[in-house]
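The following exercises concern salt bridges in a protein model. Please examine the sequence and the structure before reading the solutions.

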Amino acid sequence: MIPSVNAPGDRTIGLLAYLYGPGKREEHIDPHLMASFDGMAPDPGRDPNATLKALQQLLDQPVQALPKHARPARHVWHTSVRTAPGDRTLSDEEWADIARRIVAATGIDPGDGQPGCRWAAVRHADDHIHIVATLVTEDGHRPDDYRSGARAQAEARLIEKELNLREVPPGDGTAAQRPTSAERHKAERQGRARTAREELRETVRRAVAGAESETEFFDRLAGAGLLIRKRAASSGDLLGYKVALPDDRNKDGEPVFYPGARLAPDLSLPRIRERWTAAPRNAPALQPDDAARRGSGAPARARRKSASAAWQAMLFVQQGEDAVAAAHIAAAGEVLDALAGTSAAHTRRELQEAARAFEHASRSHTRAVRGHDRALRQAARDLIHGGPALGRGEDGATTAMAIDMLFFLITTAAHWHAKKGHAQQAEAATQAAEHLRAAYQAAAAQPLGVLHQRGQRLSRPMLQGQTVLLREVLPHLAKQIIAEPGWYALAATIADTEAAGHDPAALLSDAVERRELDTAASVSDVLIWRLRRLADLPANPTEAQEGSTVKSPPTAHLTAPRANAPGRRSRDAL
């Protein structure tokens with residue numbers, strides 16, 4: 001349940017006209033009164049003899065009774081109360097009770113014989129109501145509505161439990177500012193899928209991913225086509241910046257600029273500077289990968305390095321100090337932004353959604369100490385400089401490898417946030433993991449399908465030998481692996497490691513020691529990518545098999561983390 005207390009207004013009649021009207025997009029259905037301060041207020045929605053003017057005069061009466069100089073300039077209190085997506089439709093009686101509880105909890109009408117304000121609750125949709133009140137009590141005083149938004153949220157948590165509704169995590173002030181209704185309506189009029197604020201936030205996040213200096217950051221913003229306005233002190237020192245979309249104009253035809261801090265708390269210039277000014281002493285500056293400079297194989301190499309960096313970062317999140325863990329989680333957001341911006345079309349949408357969802361999880365009240373996260377930031381930089389990846393061949397297969405490892409890291413972040421009580425961040429990371437799982441399915445289908453075919457063509461003696469090897473090295477998992485659809489693809493990978501001169505038994509032992517696998521839904525899928533990365537094998541099958549057209553979808557071994565269980569380790573992910 002989501003209460004949203006608005007800033008006070010000055011026209012009761014204007015708000016009532018909107019609530020009882022058709023809405024800006026004809027979305028209001030059957031507007032009617034749910035409850036009121038005395039239970040007898042007129043209902044212009046269902047009573048043909050009632051008028052908006054009569055309801056307005058009734059609500060405003062305590063305000064009008066004061067001398068003009070004593071009346072509050074902005075006397076209209078307004079909140080909406082909305083059920084969360086997926087909740088059942090509440091009855092009018094339930095909504096009326098919710099309205100009474102919200103006004104009591106916020107101090108608008110506290111009850112128990114205490115003087116309260118006049119209020120009315122209006123419903124014009126299945127999933128929410130609006131409560132309108134005037135901020136003068138019956139005895140002519142200002143109500144005790146201090147922190148009414150936080151008090152409404154606290155009451156909503158109790159209501160959710162009692163009515164068996166989805167328990168929405170409380171906010172902690174770290175979320176990016178949501179688009180206003182005016183911004184959303186403007187985007188709809190212009191035919192935009194997203195608001196200007198959202199497009200700018202995403203563009204700025206991608207521009208800062210792996211950036212090493214202000215010059216590079218602003219060059220990327222300009223390269224993305226944004227209008228930039230910098231703010232400098234009299235000394236010439238840069239203090240801040242604003243950005244705008246070239247075609248987003250106000251009524252006077254001027255560009256609408258947004259300061260970085262208004263896009264997200266960590267996109268202010270001082271917070272951005274922390275990313276490249278907090279490097280450990282004597283640490284080398286971030287550099288584009290050598291392959292990126294040459295342009296040959298750069299996307300695939302960058303994805304391999306991202307997988308390795310994500311794997312190492314998990315240890316810091318699990319075992320490091322809080323400030324170091326927070327830095328790695330923040331840098332993981334940069335890698336997701338960079339991967340989403342450079343991936344092929346068949347994975348791009350889900351990766352973009354993963355990056356957007358993880359945006360809130362990348363920051364919390366645990367302040368990140370940047371500098372320890374340089375491996376991840378270098379990985380993000382390599383992805384950007386490596387350029388767009390193809391959806392096939394080594395580019396596509398290494399994308400699957402990178403997503404596989406990033407899923408582990410994001411899942412670990414979800415559990416870290418849950419243990420720290422960061423409910424909204426934990427949920428955001430969980431949502432990001434869901435999108436990564438979908439992206440993995442799209443990226444892994446082709447390479448695993450070809451490996452599956454190759455495994456089926458292995459000789460019987462070779463398969464038998466690999467079965468024996470598996471039972472010797474992984475006695476507690478061998479039966480499960482051999483029964484999985486991915487077994488043949490794993491068999492082909494084991495054969496590749498041996499052909500490349502590696503000891504398959506040692507590699508399997510190393511892969512298992514690095515992470516527990518008992519709860520994996522598809523152990524074979526997990527081991528394929530670990531072995532191919534540890535043995536430095538091509539992620540994509542050899543050229544002799546690249547022409548194969550038969551695809552076998554990968555097993556859904558990436559399962560969403562349950563971040564609301566603080567004690568669970570990220571091993572639950574696979």
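Three exercises on a predicted model follow, each with a worked solution.

**Exercise 1.** Determine where Arg-363 and Asp-266 lie and whether each is buried or exposed.

Solution. The closest N and O atoms of Arg-363 and Asp-266 are 3.1 Å apart, and the two residues form a salt bridge. Next, locate the partners: Arg-363 belongs to the loop between helix 13 (345-361) and helix 14 (374-386), whereas Asp-266 belongs to the loop between helix 8 (260-263) and helix 9 (269-277). The pair thus links distant parts of the chain, 97 residues apart. Finally, both Arg-363 and Asp-266 are buried.

**Exercise 2.** Explain how Arg-437 and Glu-434 are placed in helix 16, and classify their exposure.

Solution. A salt bridge joins Arg-437 to Glu-434, with the closest N and O atoms 2.6 Å apart. Both residues lie in helix 16 (residues 423-456); because they are three residues apart, about one helical turn separates them. Partly exposed covers the range between 20% and 50% relative accessible area. Arg-437, at 25%, is therefore partly exposed, and Glu-434, at 34%, is likewise partly exposed.

**Exercise 3.** Identify which helices the salt bridge between Asp-496 and Arg-532 ties together.

Solution. First, the closest N and O atoms of this salt bridge between Asp-496 and Arg-532 are 3.2 Å apart. Asp-496 lies in helix 19 (residues 487-499) and Arg-532 in helix 21 (residues 523-534), so the pair ties together parts 36 residues apart in sequence. Asp-496 and Arg-532 are both buried.

Conventions
Residues are numbered from 1 along each chain as its sequence is written. This is a predicted model: local features need pLDDT of at least 70, side-chain atom pairs count only at pLDDT 80 or more; totals for chains, interfaces and linings use all residues. Side-chain values use heavy atoms; hydrogens and water are left out. A salt bridge is a side-chain nitrogen of Lys or Arg within 4 Å of a carboxyl oxygen of Asp or Glu. Helices (H or I, at least four residues) and strands (E, at least two) are DSSP runs, numbered from the N terminus. Buried means under 20% relative accessible area, exposed over 50%, partly exposed in between (1.4 Å probe, protein chains only).
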